[in-house]
Amino acid sequence: DLAIAAFQEVMKRDPANVKAEDNLGLSLEAKNQIEPAIAAYREAIELDQASVSPSEQPYFNLGALLARSSRIEEAIPLLERAAEIAPGAFKVHYELGKAYFDSRRFDPARQQAEETVKLDPSDSSGHYLLGRIYQRLNRKELATEQFRLTAELIHNKNSNSATGMASGTKSH
């Protein structure tokens, strides 16, 4: 509630502040106020279109929210725009790949998932998505390799977490 009030105050003082409007959307979304969040993201996008240096965030945030709300066809153009603005943002490519996958467009989904894995090879979710896509494309060997990498990355992450916790609990 405090964050919402703060971002609304910023918007009163600076009505063209894309970041404040986008953050208002995130705050509303966190409170599960979906329609007001969507409206805030749409306003941020409208403000962003007049900006000299566009931000992928409002496109990404709205696209991801719409995709989670099973509004895939509305989400895809927003996520595509976010990927145009920030071609190096692996989370954008991941969400776009998931949206394509959910809409059963497996070739563009594959392209986005491959880009995700290229941008962040240590992220297990990208490998898992790519494995699922390869399964759908009947590329079983490639799918198996991606699932193996997923398991390996998760195992390594869990091992590192356990090691870090164990070293943090030693008494001196």
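User: Before I look at how two helices pack, how are their axes and the angle between them defined?

Analyst: An axis is a line fitted to C-alpha atoms, for helices over the stretch in contact, and the angle runs from 0 to 180 degrees between the N-to-C directions. In this model, which is a predicted one, H4 and helix H5, the latter covering residues 72-85, pack at an angle of about 155°, and their axes lie 8 Å apart.

User: Are H4 and H5 then roughly parallel or antiparallel to each other?

Analyst: Angles over 145 degrees count as roughly antiparallel, and H4 and H5 are therefore roughly antiparallel to each other. Their crossing is left-handed.

User: Which residues make the contact between H4 and H5?

Analyst: From H4 come Tyr-59, Phe-60, Leu-62, Gly-63, Ala-64, Leu-66 and Ala-67, while H5 contributes Ile-72, Glu-74, Ala-75, Leu-78, Leu-79, Arg-81, Ala-82 and Ile-85. Sorted by kind, the residues of this contact comprise 12 nonpolar, 1 polar and 2 charged.

User: At what angle do H2 and H3 pack, and how far apart are their axes?

Analyst: The angle between H2 and H3 is about 165°, with the axes 8 Å apart, and that makes H2 roughly antiparallel to H3. H2 passes H3 in a left-handed crossing.

User: Which residues of H2 and H3 meet?

Analyst: On the H2 side they are Val-18, Glu-21, Asp-22, Leu-24, Gly-25, Leu-26, Leu-28 and Glu-29, and they meet Pro-36, Ala-37, Ala-40, Tyr-41, Glu-43, Ala-44, Leu-47 and Asp-48 in H3. The residues of this contact divide into 10 nonpolar, 1 polar and 5 charged.

User: Turning to single residues, is Ser-27 buried or exposed?

Analyst: A residue is called buried when its relative accessible area is under 20%. Ser-27, which lies in helix H2 (residues 18-30), has a relative accessibility of 14% and therefore counts as buried. If its neighbours within four places in sequence are left aside, Ser-27 is in contact with Ala-3, Ile-4 and Phe-7.

User: And where is Ala-50 placed, and is Ala-50 buried or exposed?

Analyst: Ala-50 sits in the loop between helix H3 (34-49) and helix H4 (57-68). The cut-off for exposed is over 50% relative accessible area, and Ala-50, with a relative accessibility of 69%, therefore counts as exposed.

User: What separates the C-alpha atoms of Ala-50 and Lys-31 in space, and how many residues apart are they along the chain?

Analyst: Along the chain Ala-50 and Lys-31 are 19 residues apart, and in space their C-alpha atoms are separated by 29 Å.

Methods:
Residues numbered from 1 in each chain as written. Predicted model: local features only at pLDDT ≥ 70, side-chain atom pairs only at ≥ 80, totals over all residues. Heavy atoms only, no water. Helix = DSSP H or I, 4+ residues; strand = E, 2+ residues; numbered from the N terminus. Buried < 20%, exposed > 50% of the residue type's maximum accessible area, 1.4 Å probe, protein only. Contact = heavy atoms within 4.5 Å. Parallel < 35°, antiparallel > 145°, perpendicular 65-115°, else oblique. Left-handed = near helix turned anticlockwise from the far one by under 90°. Nonpolar A, V, L, I, M, F, W, Y, C, P; charged D, E, K, R; others polar.
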